[in-house]
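This briefing addresses the side-chain packing of the protein shown below. It takes up the aromatic residues, the nonpolar core and the surface in turn.

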Amino acid sequence: MCCICTRSAKQAVNSNEHKLLSMLRQDGRKNVDMLLTFYQRITESLNMGGNYLILLTHDVYTVPYTATDGEIQKDASDEEFSYILCSICPVKLTPKELSCRLSENRFHTTQGSIVSAPELGFLFSAFEDTFEAHFGTDAQLTPANMIDKKQFVIRTPDLVIKVDSERSDLIETR
């Protein structure tokens, strides 16, 4: 949607991305034009070097109520957490296969596609109304809060490679 940069809570809440996600969370999932705008912004900002699937889900979580005696009462809550979860999954071609069409009495090659595990994504929450109350008016939304700058990590289904971030020059793609 946009590059991650340091923003104050007020700047993030007033951004176009935040407004679009808030509208989607409210009722935009039924608005095809709004969904298309969202998908277009995602595709314009991504460079994944291939095809990918964008999965967008919405859910409402009822926060359990805790009584003064410490007992949790799941059905007595009046607080809900509404959120959008977006997952971006690479779509990869399967190896070519030889198959037979019995009706035509012929062999032919086929190739399909599979959806891989998500490589990117985000959770858009509904706590922005209370963000400043919890974290203060000068709180910063910064990548340093979300990433480990000390490690450079490459994950594949078969292995995980961790390299000191100052030595990421040791990694080369071919």
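Phe-38, Tyr-39 and Phe-122 together make up one aromatic cluster. The coordinates are those of a predicted model. The protein has four helices and 12 strands, and its chain counts 174 residues, of which 21% are buried.

**Aromatic cluster**

- Two aromatic pairs are present in the structure.
- Phe-38 and Tyr-39 pair edge-to-face, with 5.5 Å centre to centre and 65° between the planes.
- Phe-38 has a relative accessibility of 0% and therefore counts as buried, whereas Tyr-39 is partly exposed at a relative accessible area of 27%.
- Phe-38 also forms an edge-to-face pair with Phe-122, at 6.5 Å centre to centre and with 65° between the planes.
- This second pair connects distant parts of the chain, since Phe-38 belongs to helix 3 and Phe-122 to strand 9 (residues 120-124), 84 residues apart.
- Phe-122 has a relative accessible area of 25% and is therefore partly exposed.

**Nonpolar core**

- The largest nonpolar core comprises 12 residues, and Phe-38 is one of them.
- Helix 2 (16-26), helix 3 (32-45) and strand 5 (79-93) each contribute at least two residues to this core.
- Helix 3 makes the greatest contribution to the core, namely four residues.
- Other members of the core include Leu-20, Leu-21, Met-34, Ile-42, Ile-84, Cys-86 and Phe-124.
- In soluble globular proteins, nonpolar side chains tend to be buried together.
- Phe-38 thus has a place both in the largest nonpolar core and in the aromatic cluster.

**Surface**

- Leu-53, Leu-55 and Val-115 create a nonpolar surface patch of about 220 Å².
- Leu-55 is located in strand 2 (residues 52-63).
- The relative accessibility of Leu-55 is 36%, so this residue counts as partly exposed; the partly exposed class runs from 20% to 50%.
- The accessible surface of the whole protein amounts to about 13400 Å², and carbon and sulfur atoms account for 51% of this area.

**Contacts along the chain**

- Among the contacts in the protein with a separation of 6 or more, 51% are between residues 24 or more positions apart.
- The pairing of Phe-38 with Phe-122 spans 84 residues.

Note on methods: Residues numbered from 1 in each chain as written. Predicted model: local features only at pLDDT ≥ 70, side-chain atom pairs only at ≥ 80, totals over all residues. Heavy atoms only, no water. Core = buried A, V, L, I, M, F, W, Y, C linked by side-chain atoms within 4.5 Å. Buried < 20%, exposed > 50% of the residue type's maximum accessible area, 1.4 Å probe, protein only. Phe/Tyr/Trp six-rings, centres within 6.5 Å; stacked < 30°, edge-to-face > 60°. Patch = residues over 30% accessible without salt bridge, like charges linked within 9 Å, V, L, I, M, F, W, Y side chains within 5 Å. Areas by Shrake-Rupley, 256 points an atom, 1.4 Å probe, with all protein chains shown as cover. Salt bridge = Lys/Arg side-chain N within 4 Å of Asp/Glu carboxyl O. Contact = heavy atoms within 4.5 Å.
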